[in-house]
Amino acid sequence: AATARVERMPHGERARMLAGRRVALLFYESSTRTRTSFELAAKSLGATTTLVSDKSSSIEKGESLKDTGLTLRALGAECIILRHPASGAPFLLARMTGLPVLNAGDGMHAHPSQALLDLRTILTRLYGAERAVTVTAESLRGVTVVITGDILHSRVARSNAMLLPKLGAKVVLCGPEELLPEDALGLGSGVEIARDFDAALRQAVAHGPGVAMMLRIQKERLAGMELDLGDYIARYQLNGERMAACAPGALVMHPGPMIRGLEIAGDVADGPQSAVEDQVRNGLAVRTALLVRALGAGGFESVTV
């Protein structure tokens, strides 16, 4: 509802919501979609932004997260958007600085705004925009979401596995054992593991709307792990032939960055069932609402996410 409210505001009114406020983007890892959408969201609300990366700041010289955060606060930052390789870093930074901190991805732990934009994408594509305005515990009843790929290292998978079942969805995590150990996520209710991708896709569309969410193989996190990419492509790539045979009506999603020809074929990524660009657009809308809420503007409660 908050996202829809902000999105429907006249441009001039929205541009005044955070006029004069200062937002710092603190990124210790590379990012395109998340960083750019948060930055554009802040600017669309009238805020001033500054980007601090580990490659172009005192972080490169060994400065601690605490000292970087305190420096940003002393310079007038009122909110920090943080991406960090260590799980739990946003909570630590919020405690040290007393500022609202938005988690743009912390280690292999969580990516909350990605899960929220994925939820909005699923609701709008399957049921229309109005269904996304009021979300309840029944909003995704009957929907099966198959998340396939490098589950072990995926904060996106973790956040979606935490959120979607709370709204009635069934989440099936799929992949080889190397990338999906039996105890990968500490599975809760509404989440299960599958090894057979074809069977999982068939199951997803058997009794209702199905979603195929593909994940990138995170080569930068696979040190010491042997993975036969040819075998992986044969068993787990989402391509046109597999879609036609197993899940012809499934919605296709990918959080990016997308490696075409590995986890997903180009014709599927660009096909009519692909919601990849919708995810990016919804990311801007969701992160706009999160900034408004975090800074206590427009009647929203101030929170740290």
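**View 1. The length and surroundings of helix 12 in this predicted model.** Helix 12 covers residues 276–294, and because each residue should add 1.5 Å, its 19 residues are expected to span 27 Å, which agrees with the 27 Å between its end C-alpha atoms. Of these 19 residues, 14 are buried, so the helix is largely enclosed by the rest of the structure. After the helix comes G296, whose phi is positive, near 65°.

**View 2. Salt bridges at helix 12.** Within this helix, R281 and D278 lie three residues apart, about one turn of the helix, and they form a salt bridge in which the closest N and O atoms are 2.6 Å apart. D278 counts as buried, at 19% relative accessibility. Both residues belong to a network of salt bridges that also links R125 and E277.

**View 3. The buried face of helix 4.** In helix 4, residues 65–74, the buried residues are L65, T68, G69 and L72. Seen down the helix axis they fall within an arc of 95°, so they line one face of the helix. Among the elements that cover them are strand 1, strand 2, strand 3 and helix 5. Just after helix 4, G76 has a positive phi of about 110°.

**View 4. Two salt bridges between parts distant in sequence.** E78 and R21 form a salt bridge, with their closest N and O atoms 2.6 Å apart; E78 lies in the loop between helix 4 and strand 3 and R21 in the loop between helix 2 and strand 1, so the pair ties together parts that are 57 residues apart in sequence. E78 is partly exposed, with a relative accessible area of 26%, and R21 is partly exposed as well, at 24%. By contrast, E29 and R155 are both buried, and their side chains meet in a salt bridge of 3.1 Å, N to O. E29 lies in the loop between strand 1 and helix 3, and R155 in helix 7, so this pair ties together parts that are 126 residues apart in sequence.

Terms used:
Residues numbered from 1 in each chain as written. Predicted model: local features only at pLDDT ≥ 70, side-chain atom pairs only at ≥ 80, totals over all residues. Heavy atoms only, no water. Helix = DSSP H or I, 4+ residues; strand = E, 2+ residues; numbered from the N terminus. Expected span 1.5 Å × (residues − 1). Buried < 20%, exposed > 50% of the residue type's maximum accessible area, 1.4 Å probe, protein only. Arc of directions from axis to C-beta. Contact = heavy atoms within 4.5 Å. Salt bridge = Lys/Arg side-chain N within 4 Å of Asp/Glu carboxyl O.
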